[in-house]
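Got your viewer open? Load the model and follow along, one selection at a time.

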Amino acid sequence: MPDFDMKSSDSEDNMESDDELREAFARGDLKPGLNVETVKEKAKINNIARIQQKLGLIEQKLPWIERLDMTNELAPVAPEIAVQFAKHEQKRANLFAGNKKIKAFTPEEDPVLNDFKREMLFHRQAQTAVVEGIKRLHELGIKTKRPDDYFAEMTKSDEHMQKVRSNLMAKQEGQAKSERIKQIREQRKMGKLVQRQARVQRDTEKREMLDKLKKFRKGKLQNLDFLDDTKSGQSKRDGKKASKDKRNARDSRFGFGGKKRGLKRNTKQSSMEGNDYKGKFQNSKNGPKGAGRGGKKGSAPRAGKSKRVKSKSRGRK
């Protein structure tokens with residue numbers, strides 16, 4: 001009960017405050033801006049004495065070679081940089097002119113051009129600092145170029161560099177291996193594609209032949225010439241292969257080209273050498289017995305087998 005009474009009393013107070021605000025707004029006592037908090041601006045103080053005092057605390061009286069600080073003017077703008085900046089400015093102007101959705105900026109207010117100008121200022125100031133700094137170093141007798149035989153100690157140890165080198169080599173070998181595997185896969189894909197095409201062609205030819213056989217059985221075809229075409233196509237392929245093999249064998253044996261006509265004609269020399277030639281079908285009556293068919297004229301006939309065996313046995317004894 002006491003909690004309920006407290007909640008009810010709070011709600012009644014809120015309702016009363018809302019009623020009071022409505023009445024005040026109706027009378028005109030409430031006006032816009034009365035309840036807005038105003039932020040007080042901090043006064044800007046330029047305390048030069050304190051600034052110089054703080055500068056004296058952090059400033060160190062060291063020679064210039066230890067500080068290497070410089071205050072210099074900007075280097076002149078190179079002609080190519082000026083042309084590049086003009087092109088960039090024109091490009092930005094065209095972008096604003098052709099697109100109404102983008103807010104147009106003047107060249108002085110364009111943030112992109114301002115960033116480019118800022119980078120160019122850094123570059124020009126660094127360029128002047130390098131030129132003047134090298135000149136002052138030479139005046140102090142300090143060399144700015146290292147000799148040809150200069151040897152700098154490496155930050156990393158030899159063991160670490162060997163590990164880096166081995167890792168790089170392993171990475172290169174892995175890439176080469178993956179490339180080889182990729183090539184092998186591509187070759188396998190091509191081989192499977194060729195086999196698939198050949199299989200599809202054979203299946204198509206077989207299907208067509210079966211369809212023609214069905215048509216012949218049904219009486220739609222009068223002859224079986226398509227079987228001869230199939231066999232002739234296979235025989236032609238086999239014949240081409242056999243003729244090619246024969247041609248290669250002949251070429252390997254007899255060579256290529258050269259004069260072939262008239263090689264078997266007789267000449268004066270060949271006719272003089274063939275006077276003692278006995279023909280293959282020469283009659284043996286013209287000479288002694290056994291002189292025919294290539295036998296020598298005047299030679300004794302060959303003895304029988306029994307006589308030859310006896311003569312051999314005598315020779316052994």
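What pLDDT does the chain average, and what share of the residues score at least 70? This is a predicted model, so colour by confidence before anything else. The average pLDDT comes to 76, and 72% of the residues reach at least 70.

**Stop 1: the confidence extremes**

Select helix α1, residues 2-27. Among the elements of the chain, helix α1 has the lowest mean pLDDT, 62. Now jump to helix α2, residues 48-58, which has the highest, at 90. Two stretches deserve a cautious eye. Residues 1-7 have pLDDT below 50, and beyond near neighbours in sequence they make zero contacts in the model. Residues 279-294 are also below 50 in pLDDT, but that stretch has ten contacts beyond near neighbours in sequence.

**Stop 2: the whole chain**

Switch to cartoon. You should find nine helices and zero strands, so the element string reads α-α-α-α-α-α-α-α-α from the N terminus on. Put a surface on it next: the chain exposes about 31000 Å², with carbon and sulfur atoms supplying 53% of that. Of the 317 residues, 6% are buried. If you have a contact map handy, look at contacts with a separation of 6 or more: 42% of them link residues 24 or more positions apart.

**Stop 3: T128**

Select T128 in helix α5, which spans residues 111-139. Is T128 buried or exposed? Its relative accessible area is 11%, and because that falls under the 20% cut-off, T128 counts as buried. Show the side chain and draw a distance to A75: the T128 side chain reaches the backbone nitrogen of A75 at 2.9 Å. Then expand the selection to its contacts. Leaving aside neighbours within four places in sequence, T128 touches N72, E73, L74 and A75.

**Stop 4: the salt bridges**

Side chains of opposite charge can pair when their charged atoms come close. How many salt bridges does the count come to? The tally is three, and you can visit each.

- Stay on helix α5 and pick R118 and D115, whose side chains meet in a salt bridge at 2.7 Å, N to O. Why are these two separated by about one helical turn? Because R118 and D115 are three residues apart in helix α5. R118 is partly exposed at 41% relative accessibility, and D115 is partly exposed at 41% too.
- Go to R67 and D69, where the closest N and O atoms of the salt bridge are 2.6 Å apart. R67 is partly exposed at 37%, and D69 is partly exposed at 40%.
- Finish with E59 and K61, a salt bridge with an N to O distance of 3.8 Å. E59 is partly exposed, with a relative accessible area of 44%, whereas K61 counts as exposed at 74%.

**Stop 5: a nonpolar patch**

Bring the surface back and highlight I65, L68, L140 and I142. Together they make a nonpolar surface patch of about 330 Å². Where does L68 sit? Look in the loop between α3 (64-67) and α4 (79-98).

That's the end of the tour.

How values were computed: Residues are numbered from 1 along each chain as its sequence is written. This is a predicted model: local features need pLDDT of at least 70, side-chain atom pairs count only at pLDDT 80 or more; totals for chains, interfaces and linings use all residues. Side-chain values use heavy atoms; hydrogens and water are left out. Helices (H or I, at least four residues) and strands (E, at least two) are DSSP runs, numbered from the N terminus. Buried means under 20% relative accessible area, exposed over 50%, partly exposed in between (1.4 Å probe, protein chains only). A polar contact is a pair of N or O atoms within 3.5 Å; within protein, one must be able to donate a hydrogen and the other to accept it, and residues adjacent in sequence count only if both atoms are side-chain atoms. Contact means heavy atoms within 4.5 Å. Accessible areas come from the Shrake-Rupley method with a 1.4 Å probe; for residues, only the protein chains shown count as cover. A salt bridge is a side-chain nitrogen of Lys or Arg within 4 Å of a carboxyl oxygen of Asp or Glu. Patches are made of residues with over 30% relative accessible area and no salt bridge: like charges are joined within 9 Å, nonpolar side chains (Val, Leu, Ile, Met, Phe, Trp, Tyr) within 5 Å. pLDDT is the predictor's confidence in each residue, from 0 to 100.
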